[in-house]
Amino acid sequence: MTTRSNGDHHGNAASWYPQRRPHYGYGGGSASFRGCCCCLFLLLTFLALLALAVALVVVLVVKPRKPQFDLNQVSVQYLLVAPPTSPAAAPAGVPGAAYLSLNITLLFTAVNPNKVGIRYGATAFDVMYHGVPLGVAAVPGFEQPAHSTRLLQTRVIVDRFNVLQADAQDLVRDAAIRDSVELRITGDVGAKILVLGFSSPKVQVSVDCAIAISPRSQSLKYKQCGVDGLSV
């Protein structure tokens, strides 16, 4: 009979239990990650507050004012109104068409009252009769220095625009009887103030002008303009 020694007994008993391995926690890495996120958040907050402070200083120093954009002069080359060639061809009770031909030159004035420059975007002014678009007066974009005035010229040419039905009757009556054809010129002018190479958010000035042209004398009878307001 063989007997097991105490040493062998303890050795075999130890083999029944798994050996414990050292455990390394991850708490330190998680804390470092949260610390980095906190530092990044504080940095971004500081930069945002710094940018806001700089913007406020610039506004207080520059004191930006809205630009002025107005229709200064209208030159009439011609305005012709042709009644329908065959009024009898129109159905009973339905007015016929009239044809309008137009060639005018518009001179706009841009005034920058600010201490810094202004960048204007391209603008398209609608020329309308009784709300009916006849043509477009295009003004390209440009930059304007501080405390300056600039003149901008554009031309509107309309060739035998077909004005239908009720508007045709009004157009023929305005030209033949009243000797005054009223047109409306409207559009929005977008501009940005330039400070230290940076541009401000876009501001928009709405221009609305009414003009009346005499077909007999081929001249401007009156011009009345207004600025609806400034919007950001």
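# Close-up views of a predicted model

**View 1. The cavity.** A search of the whole structure turns up one cavity of 30 Å³ or more. The model is predicted. The largest cavity holds about 40 Å³ of space. Its lining consists of Pro67, Gln68, Phe69, Tyr120, Val189, Ala191 and Val205. Two elements, E1 and E8, give two or more residues each to this lining. Rolling a probe the size of a water molecule over the atoms shows where empty space is left.

**View 2. The aromatic cluster.** Phe69, Phe108, Tyr120, Phe125 and Phe142 form one aromatic cluster. Five aromatic pairs are counted in the model. One of them joins Phe69 and Tyr120, with 6.0 Å from centre to centre and 55° between the planes. The geometry of Phe69 and Tyr120 is tilted. This pair links distant parts of the chain, 51 residues apart. Phe69 belongs to strand E1 (residues 68-82), and Tyr120 belongs to strand E3 (residues 118-120). Phe69 and Tyr120 are both buried. Both residues also appear in the lining of the largest cavity.

**View 3. Tyr120 against Phe142.** The ring centres of Tyr120 and Phe142 lie 4.6 Å apart. Their planes meet at 20°, so the pair is stacked. It too links distant parts of the chain: Tyr120 sits in strand E3, Phe142 in strand E6 (residues 142-144), 22 residues apart. Tyr120 has a relative accessible area of 4%, so this residue counts as buried. Phe142 has a relative accessible area of 8% and is buried as well. Tyr120 and Phe142 are both members of the aromatic cluster.

**View 4. Strand E8 and its partners.** Strand E8 (residues 181-195) is mostly covered, with eleven of its 15 residues buried. E8 pairs with E3 in the antiparallel sense over three bridges. Here Arg119 stands opposite Lys192 in E8. Strand E4 (residues 123-129) also pairs with E8, antiparallel and over three bridges. Met128 stands opposite Arg184 in E8. Eleven bridges join E8 to strand E10 (residues 203-214), and the two run antiparallel. Arg184 has Ala210 as its bridge partner in E10. Arg184 thus has Met128 across from it and Ala210 as a bridge partner in E10. In a regular strand the side chains alternate between the two faces of the sheet.

**View 5. The open sheet E1-E2-E7.** Three strands form an open sheet in the order E1-E2-E7, with antiparallel pairing. Which strands are at the edges? They are E1 and strand E7 (148-163), each pairing on one side only. From one strand to the next, the twist averages 15°. Strand E2 (residues 98-112) and E7 pair in the antiparallel sense over 14 bridges. Leu100 finds its bridge partner in E7 in Phe161.

**View 6. Val74 and Ile104.** Val74 is found in strand E1. Is Val74 buried or exposed? Its relative accessible area is 9%, and the cut-off for buried is under 20%, so Val74 is buried. The C-alpha atoms of Val74 and Ile104 are separated by 6.9 Å. Along the chain, Val74 and Ile104 are 30 residues apart.

**View 7. Arg160 over Tyr99.** Arg160 lies over the face of Tyr99, at 4.3 Å from the ring centre. Arg160 is part of strand E7. Its relative accessibility is 45%, so Arg160 counts as partly exposed. The phi of Arg160 is near 50°, a positive value in a residue other than glycine. Most residues other than glycine have a negative phi.

**View 8. The loop residue Gln218.** Gln218 lies in the loop between E10 and strand E11 (219-231). Gln218 has a positive phi of about 55°, although it is not a glycine. With a relative accessible area of 22%, Gln218 is partly exposed.

How values were computed
Residues are numbered from 1 along each chain as its sequence is written. This is a predicted model: local features need pLDDT of at least 70, side-chain atom pairs count only at pLDDT 80 or more; totals for chains, interfaces and linings use all residues. Side-chain values use heavy atoms; hydrogens and water are left out. Rings of Phe, Tyr and Trp (its six-membered ring) pair if their centres lie within 6.5 Å; planes under 30 degrees apart count as stacked, over 60 as edge-to-face and the rest as tilted. Helices (H or I, at least four residues) and strands (E, at least two) are DSSP runs, numbered from the N terminus. Buried means under 20% relative accessible area, exposed over 50%, partly exposed in between (1.4 Å probe, protein chains only). A charge sits over a ring if NZ of Lys or CZ of Arg is within 6 Å of the ring centre and within 35 degrees of the ring normal. Two strands pair if DSSP finds at least two bridges between them. Axes are lines fitted to C-alpha atoms, for helices over the stretch in contact, and angles run from 0 to 180 degrees between N-to-C directions. On a 1 Å grid over the protein atoms alone, a cavity is a set of points where a 1.4 Å probe fits but cannot get out, and a pocket is an open set with protein on both sides within 12 Å along at least five of seven lines; lining residues have an atom within 4 Å of a point. Grid points are joined across faces, edges and corners, and a volume is the space filled by probe spheres set on the points.
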